[in-house]
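Colleague: I have the sequence and the coordinates open. Let us go through the strands and helices one by one.

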Amino acid sequence: MRNIKAGIVATLSAFALAACSTVGGSASPSAAPDGGGGGDGGKKVAFVSQVEGVPYFSAFKQGATETAKSLGMSYTQAGPATADATEQVRIFNSLVQQGYAAIAVSPLDPRSMNPAIAAARKKGIVVITSDADAPDSERQVFVQQATDAALGATVMDQIAAKMGGQGKYGIVSGAADTQTFNSWVAEARERQEAAYPKMQLVGGVRYTTDTAQALKEAQDLMTANPDLKGLVAVPSTAVPGVAQAVQNAGKAGQIAVSGFGSPKTARTYVESGAMTSTVLWDVPQLGILTVWAMKQLLDGKQIAADNTVPGLKQPVKYDAGDKTLVLGPPMVFTKSNIAQFDY
């Protein structure tokens, strides 16, 4: 399976990079007061997010904190105030120096994170990745939201259904060197070529770094292709820009729009009809699974091929070959259910 590099981390107003998000948030790690001691001697575990203070990672923290408390551990979550890979490494190293027993991280840049992970492992600290991977690092497990293949196929199926399986479509993606986004796009295109041969990608993949640029790229695609029938937006930084471009053009409901964005990011556009849907996963459950995985490793337990995890609705599969623990299939958010989710 392909490896996911970055999680979705943007909501509508101030989002730097993401993976599908910046408002507030602390750039300095500190012990979480809501952890709690107990059967594991109050061992400290932590998660280093891509950007703190945004709904996506706040939802992750909710699930992780509750699970850590139930397992008798103390949980800390910290991350940079903006998508800054250098600052993320500094925060990770600070947690190492503070003596955390286990640290999970959603790497912004695996290349810069790999040495830090290696150094932490030499100190005997349990290190896993979650939400985004560093596949060439010494991480022990990657807690993956859903497979890249499932994510790419799901978003393509969403726009194809609205397009009637034919016509021109465009893709507006995040930074060109982000492995996650490239993997999702590659899988979406593979799904289109195999299942919807009458659909045609136009304009190549348009790469962006923020919402404003995504809006412009979507506008350019619509101008160059008046008969455009669909758009895919990757990730949440691109979602509001692409949807706003369609809305501004008066083509809501005429151009199918889907992508990888948090429900809170996409809700306004889904409810207005500017977006067909948005695709993601249950973020609090990702937090639950991440803390559970750290607990298994701290206890020296082998993770089974199929696992029943307290707090999760369905068994979780583990691939020992690439040490990947997969939360489950993607979730699709539409007008019928998007208001139920606050992240």
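Colleague: Which residue is the bridge partner of Asn-307 in S12?

Modeller: Keep in mind that this is a predicted model. S11 and strand S12 (residues 316-319) run antiparallel, joined by two bridges. In S12, the bridge partner of Asn-307 is Val-316.

Colleague: Which strands stand at the edges of the open sheet of eight strands?

Modeller: The order in that sheet is S2-S1-S3-S4-S5-S13-S12-S11, and the pairing is mixed. An edge strand has a single partner strand, so one of its sides is left without a neighbour in the sheet. That applies to strand S2 (74-78) and strand S11 (306-307).

Colleague: Helix H1 packs on that sheet; what angle does its direction make with that of S2?

Modeller: Helix H1 covers residues 55-70. It touches strand S1 (44-48), S2 and strand S4 (126-130). With the direction of S2, the direction of H1 makes about 165°.

Colleague: Now the open sheet of four strands. Which strands stand at its edges?

Modeller: Its order is S7-S6-S8-S9, with parallel pairing. The two edge strands each have a single partner strand, so one side of each lacks a neighbour in the sheet. They are strand S7 (199-207) and strand S9 (256-259).

Colleague: What is the average twist from one strand to the next there?

Modeller: This is the sheet with the order S7-S6-S8-S9. From one strand to the next, the twist averages 20°.

Colleague: Which residue in S9 is the bridge partner of Gly-230?

Modeller: Strand S8 (residues 228-233) pairs with S9 in the parallel sense, over four bridges. For Gly-230, the bridge partner in S9 is Ala-256.

Colleague: Which strands does H5 lie across?

Modeller: Take H4 to begin with. H4 lies across strand S6 (167-173), S7, S8 and S9, and runs at about 170° to S9. H5 runs at about 170° to S6. The strands that H5 lies across are S6 and S7.

Colleague: H4 and H5 pack on each other. Is H4 parallel or oblique to H5?

Modeller: Helix H4 (residues 148-163) and helix H5 (residues 179-195) have axes 7 Å apart, at an angle of about 55°. Angles under 35 degrees count as roughly parallel, and this one does not fall there, so H4 is oblique to H5. The crossing of H4 and H5 is right-handed. In short, H4 against H5 is oblique.

Colleague: How many charged residues are in the contact of H4 with H5?

Modeller: The H4 side includes Asp-148, Leu-151, Met-156 and Asp-157. The H5 side includes Trp-184, Glu-187 and Arg-191. By class, the contact has seven nonpolar residues and three polar ones, and the charged residues number four.

Colleague: And H7 with H8: is the crossing left-handed or right-handed?

Modeller: The axes of helix H7 (residues 239-248) and helix H8 (residues 263-272) come within 9 Å. They cross at roughly 25°. That makes H7 roughly parallel to H8. The crossing of H7 and H8 is left-handed.

Colleague: How many polar residues does the contact of H7 with H8 have?

Modeller: H7 gives Val-239, Pro-240, Ala-243, Gln-244 and Gln-247. H8 gives Thr-265, Ala-266, Tyr-269 and Ser-272. Five residues of the contact are nonpolar and no residues are charged; the polar ones number four.

Colleague: Over which residues does pLDDT stay under 50?

Modeller: For the protein chain, the mean pLDDT is 88, and 88% of its residues reach 70 or more. The stretch under 50 has 191 contacts beyond four places in sequence in the model. That stretch is residues 1-41.

Definitions and conventions:
Residues are numbered from 1 along each chain as its sequence is written. This is a predicted model: local features need pLDDT of at least 70, side-chain atom pairs count only at pLDDT 80 or more; totals for chains, interfaces and linings use all residues. Side-chain values use heavy atoms; hydrogens and water are left out. Axes are lines fitted to C-alpha atoms, for helices over the stretch in contact, and angles run from 0 to 180 degrees between N-to-C directions. Angles under 35 degrees count as roughly parallel, over 145 as roughly antiparallel, 65 to 115 as roughly perpendicular and the rest as oblique. A crossing is left-handed if the near helix is turned anticlockwise from the far one by less than a right angle, and right-handed if clockwise. Contact means heavy atoms within 4.5 Å. Ala, Val, Leu, Ile, Met, Phe, Trp, Tyr, Cys and Pro count as nonpolar, Asp, Glu, Lys and Arg as charged, and the others, Gly among them, as polar. Two strands pair if DSSP finds at least two bridges between them. pLDDT is the predictor's confidence in each residue, from 0 to 100.
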